[in-house]
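Reader: Hey, can you walk me through this one? I've never looked at it before.

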Amino acid sequence: MADTLTVKDNRTGKQYEIPISDGTIPASALREIKVDDEDFGLMSYDPAYKNTASCRSAITFIDGEKGILRYRGYPIEQLAEQSSFLEVSYLLLKGELPNQSELDTWVDKITHHTYVHQYMIQAMEGFKWDAHAMGKLVSLLGTLSTFYEDSKNVRNAAVRDEHIIKIIAKMPTIAAWCFRHMQGRPYIYPDNGLSYAGNFMNMLFRMAEPQYKPDPAIEKALDVLFILHADHEQNCSTSAARAVGSAETDPYCSLAAAAAALYGPLHGGANEAVLRMLEEIGNLGNIPGFIEGVKNRERRLMGFGHRVYKNYDPRARIIKKLAHEVFAVTGKNPLLEIALELEKIALNDEFFVERKLYPNVDFYSGLIYQSIGFPVEFFPVLFAIPRAAGWLAQWQEMLMDPEQKIARPMQIYTGAGERAYVPMDKR
Ligand code: CMC
């Protein structure tokens, strides 16, 4: 059986053989299908890239029907249980798990690049104190690029490595400083004696104590949440990182673009939207009315549904369990009851079952974040910190891929044909 697709163009009666590889056809082969020599050739039309592979990637595998997520072949459940976020970052970026000495070197390098230039404080002070933390993070990522002129040299592997380490190291610092700025509290400098998550907590929460000691259960929970959010193949923000990076833009600005995509309520902003929704529902009695509103399409059930997962999101299952572990330390989040009941009702309702709408990663993560003490507008920032590792791995893979070029989708022009300019007095 030949791996080809035979296509007959009924406009001309001509037949074409298009190769099939990896379950795809090259869209460029359609260009050969023409009515005559003047014809541009066929294109495929795929708004929102619902059925278009934009790259080859060896980083993350998802089987949405079966609810499978693997980084470099390792199941997310095993990584969440046994690995650490920094080890997972190494895995995503380098393709293999590190041995002990590779891991030690990696952790050491990241730990020693956590400081940011003092001028970043001036940049921060330019924001209104109550500006959305994600808007600040997007801007500060772009600002960081202005400190590292050499990062524009994206074709140099050593330069890339250096800035990958800097970004992973500095994300918690700028994120934590956004948080402190929001609260009008002094910025806390990194403590290199702490873990990645522990130091993040230090920069967020330390007050007058000479040395901050993170609660080990919360530190572990944050690290697991970081692992779960580290990559998710070609989603909206990763595609933004790849598209912007394909212009050979430096990694800081490429990641600023990715973070801007993540900001949206349909993507990384969903965890914030879930919490606002649960607060609005307020008590169990309001759930049936809320569900009716969703079914009448007045609104969406935030934290439900996914473009790829049409089974349970495997990250949601891990987070649900994690939530109980965090609540054992922080006390139960009163909104948990509403979330559990909402999930129960939705999972048994034909509207949601028919559309294969299940809780996604954001449904329970917000409850954990809130219990740890984060305001809702900070939630997407907590998503962006670990996702930076995934964005960088994907950005680097794109740059190394000889098949990639500057991203440039085609369009179907639907506007007016040529017409003469109309002077103002004739309009
Ligand atoms: N509540 C109610 N109905 C929904 C929802 C929802 N959350 N999600 C999808 N639907 C319905 C939608 O109305 C449509 O129904 P119909 O076919 O009758 O018109 C059907 O399900 C298919 O929806 P879609 O909008 O075509 O699906 P999509 O793949 O374009 O959207 C999604 C995926 C995640 C944007 C969407 O499910 C959604 O808006 N969910 C809520 C926001 C959310 O939780 N986002 C976080 C995603 S996971 C983390 C991340 O990627 O950042």
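Author: Let's go through the ligand, the annotated residues, the strands and a couple of backbone angles.
Author: This is a predicted model, where local features need pLDDT of at least 70 and side-chain atom pairs count only at pLDDT 80 or more, while totals for chains, interfaces and linings use all residues. Residues are numbered from 1 along each chain as its sequence is written, and side-chain values use heavy atoms, with hydrogens and water left out.

Reader: Ok, ligand to begin with. Which residues come nearest to the ligand?

Author: His 267, Arg 297, Arg 300, Leu 301 and Arg 307 come nearest, out of 21 residues around the ligand. A residue counts as near if one of its heavy atoms lies within 4 Å.

Reader: And what lies 2.6 Å from an oxygen atom of the ligand?

Author: A polar side-chain atom of His 267 does. Arg 297 has a polar side-chain atom 2.7 Å from a ligand oxygen, and an N or O atom in the side chain of Arg 307 is 2.7 Å from an oxygen of the ligand. For polar contacts, the cut-off is a pair of N or O atoms within 3.5 Å; within protein, one must be able to donate a hydrogen and the other to accept it, and residues adjacent in sequence count only if both atoms are side-chain atoms.

Reader: How much of the ligand does the protein bury?

Author: The protein buries 77% of the 930 Å² that the ligand exposes when taken alone. Those areas come from the Shrake-Rupley method with a 1.4 Å probe.

Reader: Cool. Which residues does UniProt list for "active site"?

Author: The unreviewed UniProt entry lists His 306 and Asp 362 under that name; such annotations may be inferred rather than shown by experiment. They span 57 residues in sequence, yet their C-alpha atoms are no more than 10.6 Å apart, so they gather at one spot.

Reader: Where is His 306 found?

Author: His 306 sits in the loop between α12 (287–295) and α13 (314–330). Helices here are DSSP runs of H or I with at least four residues, strands are E runs of at least two, and both are numbered from the N terminus.

Reader: Switching to strands: how do β1 and β2 pair?

Author: β1 (residues 4–9) and β2 pair in the antiparallel sense over six bridges. Two strands pair if DSSP finds at least two bridges between them. Lys 8 is opposite Gln 15 in β2, and Thr 6 is opposite Glu 17. They form a hairpin with four residues between the strands, where Gly 13 takes a positive phi near 80°.

Reader: What about the open sheet, which order do its strands have?

Author: The order is β3-β4-β5, three strands with antiparallel pairing. β3 and β5 (74–75) are at the edges with a single partner strand each, so one side of each is left without a neighbour in the sheet. β3 (residues 60–63) pairs with β4 (residues 68–71) over four bridges, with Asp 63 partnered by Ile 68. β4 and β5 pair over two bridges, and Tyr 71 stands opposite Tyr 74.

Reader: Last one: which residue between β2 and β3 has a positive phi although it is not a glycine?

Author: Ala 48, with a phi of about 65°, in the loop between β2 (14–19) and β3. Lys 356 isn't a glycine either and has a positive phi of about 55°; its place is the loop between α15 (350–354) and α16 (362–372). Most residues other than glycine have a negative phi.
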